[in-house]
Amino acid sequence: ISDYVMADGSLANVLTRMQAGFGGVFAGNFQVVEEDARSTLFGTFDSGGPEMVIASRDLMKWAIKYLHPMTLANTVNFPIYYSAHSNRLFWRADETTLIGRFYLMHMICIRPEVTDFGVSSSCDYSFIPEMCPSGNVHVMTDSDEYFVVEMQKRLHENKFIRLGATDPASLTTSLAEWTTERHRANAHFAVVYHTDEISPAVMNTIAESGEYIEGIEAKLPAPQPYRDHPYWIGAIAAHRREVWRRRQTSNPLYAPEKPPRTSKTLYHDLLFRVRDMFFGRRGHVKSWHPRWPDYRMIESLANRYLTKNRAGRSLVLSSTPDTFRNWLTGPDRTTESVDFSKLLEFDAESYEKFTGVFDGCLLVLNDTEVLHAHKVLERIRPLLAIDDHVLVFVINGRGLLLGQQFNQDILRAANEFFDPHMSIDDVQFVAAGWSTWTALRGIRKLFEVVMRSPINFVIAALPFGVLLMFSLIGNYLGRRVGSRPPNNELCSSMGLVMRVSAQSAVLPQPAKVSELELAGQRFTQNQFPLARAPRKESV
């Protein structure tokens with residue numbers, strides 16, 4: 001895994017467990033901030049050769065200086081902020097030791113005990129219970145024996161972070177949604193990360209963490225199944241829809257053989273078709289969907305400033321281009337949907353190729369991407385002409401999640417939208433409206449119940465109808481749209497209209513090759529001297 005830094009001997013110790021007869025090995029890790037940690041990684045550990053040999057305690061001494069916000073948010077005795085969706089918990093035992101309790105662990109190695117198994121959930125959820133049904137697995141619990149540090153961007157999963165101490169009640173609610181029996185068993189193991197010998201005082205923290213886990217487990221309902229897990233069912237249904245859509249648009253000369261369909265998969269496919277019929281798909285949702293006021297707001301701005309009922313070609317930029325591929329299209333207007341990270345690679349030649357092709361742009365950002373807005377806007381501008389518009393659509397959270405800190409995120413990132421070559425012509429905010437979101441969370445819970453059995457479909461029909469009506473009323477009465485949030489109420493989205501007022505004579509340069517990539521290039525050159533040299537503009 002490319003974002004892992006692994007201590008020397010870790011895989012050798014995994015091998016000894018497999019040779020001892022275990023059917024699988026589990027391990028857990030924590031994250032550090034890549035932007036801070038990578039500046040010292042090579043200076044600390046690089047010997048100049050093609051490999052870095054890092055002792056586990058040296059890696060821990062280095063890593064503890066750069067703990068990621070999500071690692072701290074999952075630290076129970078760090079009460080400044082917490083994660084609204086935790087799959088692991090930590091305790092700071094002393095200045096040299098962290099204790100970890102993991103619900104979600106990585107299966108580092110598996111020796112299958114059976115040949116007849118099915119894949120009906122993601123690997124971290126199902127591979128061990130499917131392939132090693134005896135439960136004869138080993139958990140690596142000492143960083144001296146196995147230690148991995150995961151490097152992640154500072155804003156990774158920032159949408160889950162909330163101010164305040166970890167709340168056992170909200171943690172229980174979150175874990176009930178997805179944890180299987182194996183996940184809950186994983187948390188019974190305390191993983192010790194340490195830079196020195198383990199002191200007797202650390203045992204008190206281990207005991208404290210165990211009592212905390214037992215208290216959470218006592219309040220949890222029955223575990224989720226590892227076969228046909230609710231998350232998996234939704235992901236597979238979405239995958240089938242996307243495959244069907246691509247076949248329809250690409251018109252292949254032949255279609256691949258269809259996988260066998262069971263009564264259960266047919267029922268789940270039917271459920272998701274019914275859901276799409278009632279709620280619509282992202283970007284084209286019904287009036288009772290919580291995102292309806294947000295999409296209606298940006299469509300109104302697009303009609304006014306971008307499409308203007310005229311022919312042309314629009315550029316839509318987002319981190320999920322497939323989602324927005326059909327936005328802004330019409331009889332005389334086409335849309336090109338692109339991942340905005342591709343713009344960072346543009347050099348002068350690329351700009352020349354695309355200049356004059358588009359007459360407007362829609363930039364879609366979520367709350368964790370807004371801090372990159374200026375960098376992206378700077379690269380959009382050369383593609384447009386004077387007086388062309390850029391619509392910036394900033395969405396609070398994803399799916400049915402709302403970030404409580406969204407308003408503050410916008411305030412912190414306000415300077416990202418200041419560009420001397422662009423003016424701001426309009427701004428719109430959509431109020432969150434808690435009644436709508438509460439109703440849709442109830443509908444989501446009902447949907448999970450219905451997925452388990454067709455009988456529940458009849459039972460849930462009446463509650464579904466009541467919640468739909470509640471959501472519809474909430475959208476119309478409680479979701480105000482305007483140039484400022486009413487009473488500073490939490491917003492679910494922001495729409496910003498920017499107009500190109502001037503062009504800079506200097507084109508933005510492509511992003512520089514990072515130190516990590518330079519090290520990778522050096523390794524390639526040392527190990528494979530005849531390999532083709534990487535392109536200079538690679539990112």
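**Notebook: salt bridges and one helix**

I looked up the side chains of Asp 425 and Arg 499 and found that they form a salt bridge, with 3.1 Å from N to O. This pair links distant parts of the chain, since Asp 425 belongs to strand E18 (residues 422–431) and Arg 499 to strand E20, 74 residues apart. I noted Asp 425 as partly exposed, at 32% relative accessible area, and Arg 499 as partly exposed, at 25%. I also recorded a network in which salt bridges with shared partners join Glu 34, Arg 38 and Lys 153.

I keep in mind that the model is predicted. For the whole protein I entered 17 helices and 20 strands. Of its 539 residues, 47% count as buried.

I then counted the salt bridges and obtained 13. One of them joins the side chains of Arg 17 and Glu 145 at 2.7 Å, N to O. Arg 17 sits in helix H1 (residues 10–19) and Glu 145 in the loop between strands E8 (137–139) and E9 (148–152), so the pair ties together parts 128 residues apart in sequence. Arg 17 is buried, with a relative accessible area of 15%, whereas Glu 145 is partly exposed, at 30%.

I turned last to helix H13 (residues 373–380), whose buried residues are Ala 373, Val 376, Leu 377, Arg 379 and Ile 380. Viewed down the axis of H13, these buried residues fall within an arc of 165°, so they line one face of the helix. What covers them? I listed, among others, helix H12 (348–354) and strands E14 (312–318), E16 (360–366), E17 (389–395) and E20 (491–500).

Methods. Residues are numbered from 1 along each chain as its sequence is written. This is a predicted model: local features need pLDDT of at least 70, side-chain atom pairs count only at pLDDT 80 or more; totals for chains, interfaces and linings use all residues. Side-chain values use heavy atoms; hydrogens and water are left out. Buried means under 20% relative accessible area, exposed over 50%, partly exposed in between (1.4 Å probe, protein chains only). Helices (H or I, at least four residues) and strands (E, at least two) are DSSP runs, numbered from the N terminus. The arc is that of the directions from the helix axis to the C-beta atoms. Contact means heavy atoms within 4.5 Å. A salt bridge is a side-chain nitrogen of Lys or Arg within 4 Å of a carboxyl oxygen of Asp or Glu.
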